[in-house]
Amino acid sequence: MKVLVTGGAGYLGSITARALEQAGHTPVILDSLLTGPRAYVGDRVFYEGDIADRALLRRIVAEHPDLDATVHMAARIVVPESVELPYEYYRDNVAKSLEMFDELTALGKPRILFSSTASLYALTPRFEVTEEDPVDPTSPYARTKRMMEQVLEDLARATDLRAIILRYFNPIGADPDLTTGYHLRDATHVVPLMAQTALGFRESFTLTGTDHPTRDGTGIRDYIHVWDLARAHVRAVEEFDGVLATVGAPYTYINLGGGDGVTVRELLAAVERVVGRPVPVVEAPARPGDAPGAFANADKALRLLGWRAELSLDEAIASALAWGEKRKDVLGYA
């Protein structure tokens, strides 16, 4: 199969492209390089540009008429930044995606795999969430994702567009060959920050939020090895039509997570266990937009995709640490 991957120069996009290749498929990359490094594209077919550029989309489809699906990963994703820059987040994540969906449907390329987020789930006492649980996004970033879910629902009801909406929990680690991994120079996600501290690139890890209604006061998350996440996309591409036929609808939601909850303090202990030494910590209040968290019930992914997370938390942490030691060689900065 041939698959358009928007945001394919990013962290998740580049690793998903690699997983598609390993499964025998051909990724076609569309990325503005706003954040993703050009090095992550490698020698893949690549178009540098905006997802809302209709002329560019027409060119891509003309040059690749055999495109089977689009994996839409291009987005701004930093929660605190979304609080500071809501216009940019709604413009880039919502308005531009709408243009792309409309153009792809008009071009006869209606299959969309959409990267959504578990951060939009409402807080539940048990923290475990299914796809049917209520949502209550607490940041502009999460609200843009929820808006796009609703856009896809409406378009799928009214047009030929078809959508599998993948709600990611917390991907960590790198691809198995350590060719790509987390790339932001100023890390904002918890495991890269812990890894940089454990490796001596930072003086301390700032633990934000210690009074959440969890078992130890820190946020609870579901951490999944990024390679498992990438494999899920391969399965979703391969089983796209069958999935929607099974659910009997033009769209569906699927949680992608490991299926268990880990607090930040527990994650810190796991990093210390894997690296073999303490990680210096400074405690601070929760950041704007931060939610207490949730973890996945991933039964639907197993039922529809035959997929479950296979790699352990320790393996994911070891992968993140190994990438942290190597990424300066790849990107020129630690």
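**A guided look at one cavity and some rings**

Guide: Welcome! In this predicted model, the count comes to one cavity of 30 Å³ or more.

Visitor: What makes the largest space a cavity?

Guide: A 1.4 Å probe fits there but cannot get out, so the space is called a cavity. The volume of the largest cavity is about 40 Å³.

Visitor: Which residues line the largest cavity?

Guide: Among them are His 72, Asn 93, Phe 114, Lys 145 and Met 148. The lining divides into four nonpolar residues, four polar and one charged. Lys counts as charged, so Lys 145 belongs to that last group. Helix H5 (140-158) and helix H4 (86-106) each supply at least two lining residues, and H5 gives the most, with three.

Visitor: How many aromatic pairs does the structure hold?

Guide: There are four aromatic pairs. One of them joins Tyr 40 and Trp 323, edge-to-face.

Visitor: Why is the pair of Tyr 40 and Trp 323 called edge-to-face?

Guide: The ring centres are 6.4 Å apart, and the limit for a pair is 6.5 Å, so the two rings pair. Their planes stand at 65 degrees, and over 60 counts as edge-to-face, so the name fits. This pair links distant parts of the chain, 283 residues apart, with Trp 323 in helix H11. Both Tyr 40 and Trp 323 are buried.

Visitor: What makes Tyr 251 and Tyr 253 an edge-to-face pair?

Guide: Their centres lie 6.3 Å apart, within 6.5 Å, and their planes are at 85 degrees, over 60, so they are edge-to-face too. Tyr 251 and Tyr 253 are both buried.

Note on methods. Residues are numbered from 1 along each chain as its sequence is written. This is a predicted model: local features need pLDDT of at least 70, side-chain atom pairs count only at pLDDT 80 or more; totals for chains, interfaces and linings use all residues. Side-chain values use heavy atoms; hydrogens and water are left out. On a 1 Å grid over the protein atoms alone, a cavity is a set of points where a 1.4 Å probe fits but cannot get out, and a pocket is an open set with protein on both sides within 12 Å along at least five of seven lines; lining residues have an atom within 4 Å of a point. Grid points are joined across faces, edges and corners, and a volume is the space filled by probe spheres set on the points. Helices (H or I, at least four residues) and strands (E, at least two) are DSSP runs, numbered from the N terminus. Rings of Phe, Tyr and Trp (its six-membered ring) pair if their centres lie within 6.5 Å; planes under 30 degrees apart count as stacked, over 60 as edge-to-face and the rest as tilted. Buried means under 20% relative accessible area, exposed over 50%, partly exposed in between (1.4 Å probe, protein chains only).
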